[in-house]
Each structure stands twice: as structure tokens, then as C-alpha cells.
Amino acid sequence: MTDQTVILVVDDKKEHATATAEALQKVGYKCLVATSGREGLEIIEAGEVDIVITDLIMHDIDGLQLLKTTKEILPDAEIVLITGYGTVETAVDAMQKGAATYLLKPININHLRAEIAKLVEKQGLVRNNKELHKQLDERFGLTCIIGNSSRMQKVFNIVKQISGTTATVLITGESGTGKELIAKTIHNNSPRKNKPMVILNSAAIPEHLLESELFGHEKGSFTGALYQRKGKFECAHHSTLFLDEVGDMPLSTQVKLLRVIEDGVITRIGSNDPIEIDVRLIAATNQCLEKLIKEGKFREDLYFRLNVVSVKLPPLRERLEDTTLLIDAFLREFCQIHNKNISCISTEARKVLYKYPWPGNVRELKNCIESMVVVSTKDILGVEEIPDHILQRSSELPRPPSFMTGMTVEEVERELIKNTLASVEGNREEAAKMLGIGERTLYRKLDRYGLK
Ligand SMILES: Nc1ncnc2c1ncn2[C@@H]1O[C@H](COP(=O)(O)OP(=O)(O)OP(=O)(O)O)[C@@H](O)[C@H]1O
Ligand SMILES: [Mg+2]
């Protein structure tokens, strides 16, 4: 039995409802009780019910209506109808509409428990199956990381070195550079890979719910806390917790997160009992945390705790050599998904794609290739299929260094040095490393080309 199963018992005869709930609570299930169809619906709408046991005939909203709405709101929930001899036919009919089973009044407790145990097992199997498929998708094919640029090779080396450890990782990079993909790769190559990585996106959750999402809550600890709930930290016990968009976390939550990292224990909201947790943290952000620290929006002490290992993902425009591989991989992937037979992309089209600066990085390139594959009717993708805004922007830009045929070697070198320096915000040590020359050589060249 999973300790997560929540059962809702709906019956407008209160003593029946509580007796059923108690019989199930005794064998360890979490039960909620509603004494009218309307009250039952409210709980179902709150979204955290696995099994609904409902009387067929009630005054306001009857069991059939409850069945219909539950199937709409919670398609994975199972519904058990309670019925008298007079309404068996209706109950059988309800099973065709999606009810799992029906039980005759008066309820036999052993029978009830056996039926519920079957449903819980079935739900567990379905959940595991879904999880398994997701993990398989993640491990094979769909999310393999592509990149042969020296900057991505450096990233891969770090990923290899740290995957086997429990070191906290901070992944930074512009939107669409592959932060989540890197986090999944680290997790999938770690000893924790048999449990799914848990994800929490601070930007997607309203501020007042974020702490409960992270640390969980006890029943009744705030309005809307209908029952006890585990937070993401507890769910990620012995696994990895990916704190996405951590730069968007409000300061008050940052304080609490810092304490959890330092103490290795969490306390659910409304509880005083600390729970020990063993969680590997990976955080990511597309914001500059150093800047947020200066502005007083991010805690410096938390930053140091998260930034134990730092993985910086370069924007696509600074590793244009990866574009070729990415285009080919996405072309293959989307041909398969959309059942198309496209062999390649024309040289002209490639040139346009190489010139475009990809502000949305790999995600934007991926979407672009998908849309080209979808609209294409030929076996070679051409310029005609390129989305208008990309075509237009590309034609406005000068040729990138890789297309500088006609220039002298010196001119190309000058451009290369200029662009490399710009890509690392003028950091000469970094630029020299990227160019594969000594710092003093770089210095001399800057002098010669008047770039100082
Ligand atoms: N190196 C790569 N190889 C293959 N696919 C990639 C690569 N980098 C990113 N992708 C794909 O691009 C898309 C965006 O990646 P992801 O969601 O990891 O980016 P992100 O940095 O988390 O973006 P955001 O900041 O917007 O959340 C995903 O579909 C991902 O699979
Ligand atoms: Mg992301």
C-alpha cells in the first residue's frame, strides 16, 4: 500500500460515512469524509483524492453525477459506488460509465477493505508504469545532450565528474540553453537514478504556496490544508531535488531553504517534528545571481551553499559549431514524431540558420526545426520553410566568421579575437583559453589589431 493514497467517503448519512472511513483508517488509509454530494465535490475539486467511495442516492448531487465530475477533474481516481438492492441496475450502468465497482448495503467491512486494496494496488501499478515510461524516455534518445563545441565538452566533463557525487550544483545559462536537461543528466548518471528526480519551479508557484510545496504541511495548518501533505523535499528523499528558477525564490523562503540545507532536516508547516532528509540539490536560474545579491534580492549565504559546483551553459550563439549537430538531431527526431520522410536541409537554409542569433537558444532552434518539418512537403528542407521572423532577422545580420570567405587570415583573426572577447565580457584570461593561445600572445595580438 502506498502511504499517499487518499480516500474520500461521501454519504449524506453521517454515521454511515464515518463508519466506512473509520474501517479504512484502521488499516492505514488516509480518509476524508463529506456528508453531502456538494461537499464531496468541493474536496474533489481541490484535486488530491485517489479513491472516492460514494453513496448512489443523495439529496443534492447524487453518486452518478459525482462519478461524472470526478472522471473529468481526476481521470486517474477510482470510484466505488455504495448501493441498496433496489438500485443495483443503476450501479451496473455506472460501472460502464467508469466506476471501478459497487458495494451492496449493508457494507461488509472485509469486503470493502479487499476491494480498496485491489484499487490501491492497481493505481500503484499505473503510476509506476507511467514513471517508468517517463524515465525510459529521459534516459534514451529524447533527451540525449548534443554538442561538440569545446565549451560544451567542458560542461560534459564537469557533469561526468560530479554525477557520482552528492555535491550541490548550480546551473546557470540563458533561457533554453538546456539547464533542465543537464540536471536530468546529472541525476540519471548518479547512484540516485532509480528514484525519479523531483522538480520544483519557484517561478511557477504562487509565493504563499511555495513553502508548503517545499516542506509539506499538516492537516489544518492553513485554510485549504485539508489533510497532511508531503513536500518536495520529503518526496526527494534519497533522490535529487531540482530547484528550477531559484533566482525567483522570495527572500523569506530563501532563509528557510538555507536552514534546511545547513541542518539536513525539514519541518512540515504546522508541525514541530523535524524530519531528516537525504536530498541532493541541483539549482538552476537564467538570472545573474551575483547581480540579484547586489540588489538585495538573493541571499549571499544561500548562493554559496548552492554554488558548490558551478555549471555555466553558454548561449547557442557562442557555440555555433553545435548548430549543425543539433539541426540534424532535431530533424531526425521530428521526422519520426511527425511521420515525415525528409532526408536533409539545404545548404542555403543552413546558412540562414547559422546566421540567426537564437535568443531563445536550443529551445528556439528545436521549435524552428519542428515547425519546418511540419510545414514541409518535400524531402529536403529549404529556405521557404524557415519561419519568417528568422529569415528576416538573418538577412539583416552580417556574415558570421564561419562564412568569411574572401577575407584575409589577419582579418579573420581580428574578428575571431574580437568576438571571443565579447563573448566572455572582456575577460582576457578566459578568451586566451578559448582561443588556445597564451595570455601574452593574446595581449600582443590585441595591440597589433588595435583592440585594446
Ligand atoms: N545540448 C542539447 N542537446 C539536445 N537538446 C537540447 C540541448 N540543450 C537543450 N536541448 C533541448 O532544448 C529544450 C530546452 O531545454 P531546457 O528546458 O533544458 O532549457 P532551460 O535552460 O531549462 O530553459 P529555461 O530557462 O527556459 O527553463 C529542451 O527540449 C531540451 O531537450
Ligand atoms: Mg528550465
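Here are four short exercises with worked solutions on a predicted model of a protein with a bound ligand.

**Exercise 1. Getting your bearings**

Find which domains the protein is assigned, and how many Å separate the centres of domain 1 and domain 4.

*Solution.* Start with the domain assignment: it gives domain 1 (6-130), domain 2 (149-313), domain 3 (316-402) and domain 4 (404-448). Next, take the centres over C-alpha atoms: those of domain 1 and domain 4 are 70 Å apart.

**Exercise 2. The surroundings of ligand 1**

Work out where ligand 1 lies with respect to the domains, and what kinds of residue surround it.

*Solution.* Step one is to look at the shell, which holds 18 residues; the closest are Ile-146, Ser-175, Gly-176, Lys-179 and Arg-363. Step two is to sort the shell by class: 7 residues are nonpolar, 5 are polar and 6 are charged. Step three is to ask about domains. Both domain 2 (149-313) and domain 3 (316-402) contribute residues to this shell, so ligand 1 lies between them.

**Exercise 3. Contacts of ligand 1**

Find which residues place a polar atom within 3.5 Å of an oxygen atom of ligand 1, and say whether backbone or side chain is used.

*Solution.* Begin with Arg-363: a polar atom of its side chain is 2.8 Å from a ligand oxygen. Now turn to the backbone. A polar backbone atom of Leu-181 lies 3.0 Å from an oxygen atom of the ligand, and for a backbone N or O atom of Glu-180 the distance is 3.1 Å. As a last step, consider the cover: ligand 1 on its own exposes 630 Å², and the protein buries 87% of that. The elements that each supply two or more shell residues are helices H7 (179-188), H13 (321-337) and H15 (361-375).

**Exercise 4. The second largest pocket and helix H18**

Locate the second largest pocket among the domains, then look at what is found at the two ends of helix H18.

*Solution.* First, the volume: about 1,100 Å³. Then the lining: 32 residues form it, and Arg-151, Thr-172, Lys-312, Leu-313 and Pro-314 are the closest to the pocket's centre. Helix H17 (409-423) and helix H18 (428-435) are among the elements that give two or more residues to the lining. By class, the lining has 13 nonpolar, 9 polar and 10 charged residues. Since domain 2 (149-313) and domain 4 (404-448) both give residues to the lining, the pocket lies between them.

Now follow H18 itself. Its N-terminal end is capped by Asn-427, with a side-chain oxygen 3.1 Å from the backbone nitrogen of Glu-429. After H18 comes Gly-436, with a positive phi near 70°.

Notes. Residues are numbered from 1 along each chain as its sequence is written. Chains are lettered from A and ligands numbered from 1 in the order in which they are written. This is a predicted model: local features need pLDDT of at least 70, side-chain atom pairs count only at pLDDT 80 or more; totals for chains, interfaces and linings use all residues. Side-chain values use heavy atoms; hydrogens and water are left out. A residue is near a molecule or strand if one of its heavy atoms lies within 4 Å of it. A polar contact is a pair of N or O atoms within 3.5 Å; within protein, one must be able to donate a hydrogen and the other to accept it, and residues adjacent in sequence count only if both atoms are side-chain atoms. Accessible areas come from the Shrake-Rupley method with a 1.4 Å probe; for residues, only the protein chains shown count as cover. Helices (H or I, at least four residues) and strands (E, at least two) are DSSP runs, numbered from the N terminus. Ala, Val, Leu, Ile, Met, Phe, Trp, Tyr, Cys and Pro count as nonpolar, Asp, Glu, Lys and Arg as charged, and the others, Gly among them, as polar. Domain bounds come from an automatic or database domain assignment. On a 1 Å grid over the protein atoms alone, a cavity is a set of points where a 1.4 Å probe fits but cannot get out, and a pocket is an open set with protein on both sides within 12 Å along at least five of seven lines; lining residues have an atom within 4 Å of a point. Grid points are joined across faces, edges and corners, and a volume is the space filled by probe spheres set on the points.
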